[in-house]
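Colleague: I would like to learn how to read a structure like this one, feature by feature. Could you take me through it?

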Amino acid sequence: MEVTKTVCAEQCDGRCFGPYVSDCCHRECAGGCSGPKDTDCFWHSSDKLIGNLAFRLISPLYRPLAGVDGRGASSGGDIAAACTNFNDSGACVTQCPQPFVYNPTSFQLEHNPRAKYTYGAFCVKKCPHNFVVDHSSCVRACPSNKMEDGNNVFLPAPHTGPWPPSIGQSLDHVVTTRGRVCDGIGTGSLQTAQTVDASNIDKFVNCTKINGNLIFLITGIKGDMYHGIGPLDPERLNVFRTVKEITGFLNIQSWPENMTDLGVFSNLATIGGRSLYSGSGISLLILKQRWISSLQFQALDEISAGNVYIFNNSRLCFYNTVNWTSLFRTPSQKVLIRNNREPKECSEYR
């Protein structure tokens, strides 16, 4: 990497590629440039993923960045322009091409064939498959006053109470023709919740889709004396038998001792991975469960994003019979399974 220092003309706003007024960088360049155009901004890249995108400081050469065209996250080594606002196919722009443009001749808004969606700091033609569209942006979760239409697009949500809801009021669920959509842990009406527990389990009755995450911690299963929450009756976990989709992640770090499988999720078909566990890139976590002997994920057919992490479950069998990679949507997803029961010890229980 070559580092240089140039005193810019005062009109240049501190970024230039030469000493003259004509040598100013485009105003949308955030890290210097090799010319005056919005496509001349210096490029950056790194081996670390930042928001599913990779950056490392290099010369101003362009290679399309994987993971910004709706196909998933980048693997290291890809590059991107350092833009003040957004990167539109290598050009730094103030905003992404909008879905409608004004026609001054007809005095009407018309569809823009060049329209793109905002995805992080990038303009993309299509949102990643596990994200949803809100206006012209790719977002992880449904706003409180909207619902998904089934095609990963948000529409105003039906509401059984006064409409519109008061400012700041959350819709804890919406009912659609496809079933009941409910807030997950840390989302909407459960924004402050840290685990499924006896105080919130009833919010999941008849839910078919969880907008967010499901988290099971010891304070939820055994109870939380500090907050006055008692132990969770294992029978009440059967409310999850209606759940077909979790848009975020499933985190199981505690489970009732008298339940030897995860059969309450036998109808779960999709784990979306729009949000991943604790920045670790995990969408399915099953950790240190002494009593679980089988998973019973009978309907699971897609883990849209994120990794599978199944560790230290001393009695867990048949995890090796699942073709985990067939459930994945991107090649960067991984399976990390260790320290469970040896498969040869499980054969006698088939």
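What follows is a walk from the whole chain down to single residues.

Modeller: Gladly, and please keep in mind that this is a predicted model.

Colleague: Let's begin with the overall make-up. How many helices and strands does the protein chain have?

Modeller: Counting elements is a good opening step. Here the protein chain has two helices and 25 strands.

Colleague: And what share of the residues counts as buried?

Modeller: Of the 350 residues, 45% are buried. The surface can be read alongside that: the chain exposes about 18,800 Å², and carbon and sulfur atoms supply 52% of this area. For the contacts, take those between residues at least 6 apart in sequence; 52% of them join residues at least 24 apart.

Colleague: Now a strand pair, please. In which sense do β7 and β8 pair, parallel or antiparallel?

Modeller: A general point comes before the case: in a regular strand, side chains alternate between the two faces of the sheet. As for the case, strand β7 (residues 100-103) and strand β8 (residues 108-111) pair in the antiparallel sense, over four bridges. To find the register, look at Asn103, whose bridge partner in β8 is Gln108. The two strands form a hairpin with four residues between them. Phe107, in the turn, has a positive phi of about 55°.

Colleague: Next, salt bridges. How many does a search of the whole structure find?

Modeller: The idea is to look for a side-chain nitrogen of Lys or Arg within 4 Å of a carboxyl oxygen of Asp or Glu. The search finds six. One of them joins the side chains of Glu245 and Lys209, with 3.8 Å from N to O. This pair links distant parts of the chain, as Glu245 sits in strand β19 (residues 245-246) and Lys209 in strand β17 (residues 207-211), 36 residues apart.

Colleague: Why is Lys209 called buried and Glu245 partly exposed?

Modeller: The cut-off for buried is under 20% relative accessible area, and partly exposed runs from there up to 50%. Lys209 has 13%, so Lys209 is buried. Glu245 has 23%, so Glu245 falls in the partly exposed class.

Colleague: Which partner does Glu257 have?

Modeller: Glu257 forms a salt bridge with Lys222, and their closest N and O atoms are 3.1 Å apart. This pair also links distant parts of the chain: Glu257 is in the loop between β20 (250-252) and β21 (270-271), while Lys222 is in the loop between α1 (218-221) and β19, 35 residues apart. Glu257 is partly exposed at 45%, and Lys222 is partly exposed at 46%.

Modeller: Another salt bridge brings together the side chains of Glu345 and Arg341, at 3.4 Å from N to O. Glu345 is partly exposed at 36% relative accessibility, and Arg341 is partly exposed at 22%.

Colleague: How about loop residues? Is Ser136 buried or exposed?

Modeller: For a loop residue, I look up the place, then the accessibility, then the contacts. Ser136 is in the loop between β11 (132-134) and β12 (137-139), and is buried, with a relative accessible area of 12%. Beyond neighbours within four places in sequence, Ser136 is in contact with Gln98, Pro99, Lys116, Tyr117 and Thr118. The C-alpha atoms of Ser136 and Tyr117 are separated by 4.9 Å, although the two are 19 residues apart along the chain.

Colleague: Let me try Ser266. Where does Ser266 lie, and what is in contact with it?

Modeller: Ser266 lies in the loop between β20 and β21, and counts as buried at 13% relative accessibility. Leaving aside neighbours within four places, the contacts of Ser266 are Arg241, Gln296, Gln298 and Ala299.

Technical notes: Residues are numbered from 1 along each chain as its sequence is written. This is a predicted model: local features need pLDDT of at least 70, side-chain atom pairs count only at pLDDT 80 or more; totals for chains, interfaces and linings use all residues. Side-chain values use heavy atoms; hydrogens and water are left out. Buried means under 20% relative accessible area, exposed over 50%, partly exposed in between (1.4 Å probe, protein chains only). Contact means heavy atoms within 4.5 Å. Accessible areas come from the Shrake-Rupley method with a 1.4 Å probe; for residues, only the protein chains shown count as cover. Two strands pair if DSSP finds at least two bridges between them.
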